[in-house]
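Reader: I'd like a close look at one part of this model, namely its cysteines and charges. Could you walk me through it?

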Amino acid sequence: RVHGGTLHFALVHLPSMFSTKQLINGEMVEGLGAPIAVVDPATGELIVEIREASREQVEAAVVAAAAAGESWAATTPKDRATALLRIADWIDANAHMLAKLESLNCGKPAAAVLADELPQISDTFRYFAGACRCMSATCADEYLAGHTSFLRRDPVGVVAQIVPWNYPLQLLAWRIAPALAAGCTVVLKPSELTPLTALVLAEQLATILPPGVANIVHGFGPSVG
């Protein structure tokens, strides 16, 4: 709120499951950059301040993702699918908490998040858990005698991903699930306006995925990505 030209914040109540840390190489760490105010858009009240990642932390996340790439790409579709299904199960089990947190951070009704968004979010991970077990490769005719042409699908490596503010967790799922299913590793930045559900999910990714496979860093575009 503004009083006499000075901006004042009042801290709002947070759900019990909450994180201000970022996921880098399998570890949840505090950012080393400047603090960024995360505000309830419905009231203008301060939710929390979260430090953004430093340049060195962003580089460490990229290095970790690259180092994890070869082993994750070699992981069987069965094991990748199992990891994605574990993520989906955690989302379903914590849907009410995630809905409250998304509502607080985005200003949208918690009931709408719970009914409309969260079922799609967990289903996104389940869809790609199934898709990675049935990827096909089309064969073509023999253009040269004794040779068959076919399409081979290989991971592309590290995928950099940026999520906007309006559907933070849903758009995170649309980005991270297919990349992980394909055998790619990820460095993802949520919007600096709405990072809360991404950072809560990051804690679970740290327990489900090998170190470096998924990294989530927080901050502004010019400084973090």
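How far apart are the mean positions of the positive and negative charges of the chain?

Author: The mean positions of the 15 positive and 21 negative charges are 2 Å apart. Here Lys and Arg count as positive and Asp and Glu as negative, with His and the chain ends not counted; each charge is placed at NZ of Lys, CZ of Arg, CG of Asp or CD of Glu.

Some housekeeping: this is a predicted model, where local features need pLDDT of at least 70 and side-chain atom pairs count only at pLDDT 80 or more, while totals for chains, interfaces and linings use all residues. Residues are numbered from 1 along each chain as its sequence is written, and side-chain values use heavy atoms, with hydrogens and water left out.

Now the cysteines. The structure has 0 disulfides, a disulfide being a pair of cysteine sulfur atoms within 2.5 Å. Cys134 goes unpaired because its sulfur sits 8.1 Å from the closest cysteine sulfur, in Cys132, too far for a bond. Cys184 is in no disulfide either, and its nearest cysteine sulfur, again that of Cys132, is 12 Å away.

As for their surroundings, Cys134 is exposed at 58% relative accessibility, whereas Cys184 is buried, with a relative accessible area of 5%. (Buried means under 20% relative accessible area, exposed over 50%, partly exposed in between, using a 1.4 Å probe and protein chains only.) Across the chain, buried residues make up 46% of the 225 residues.
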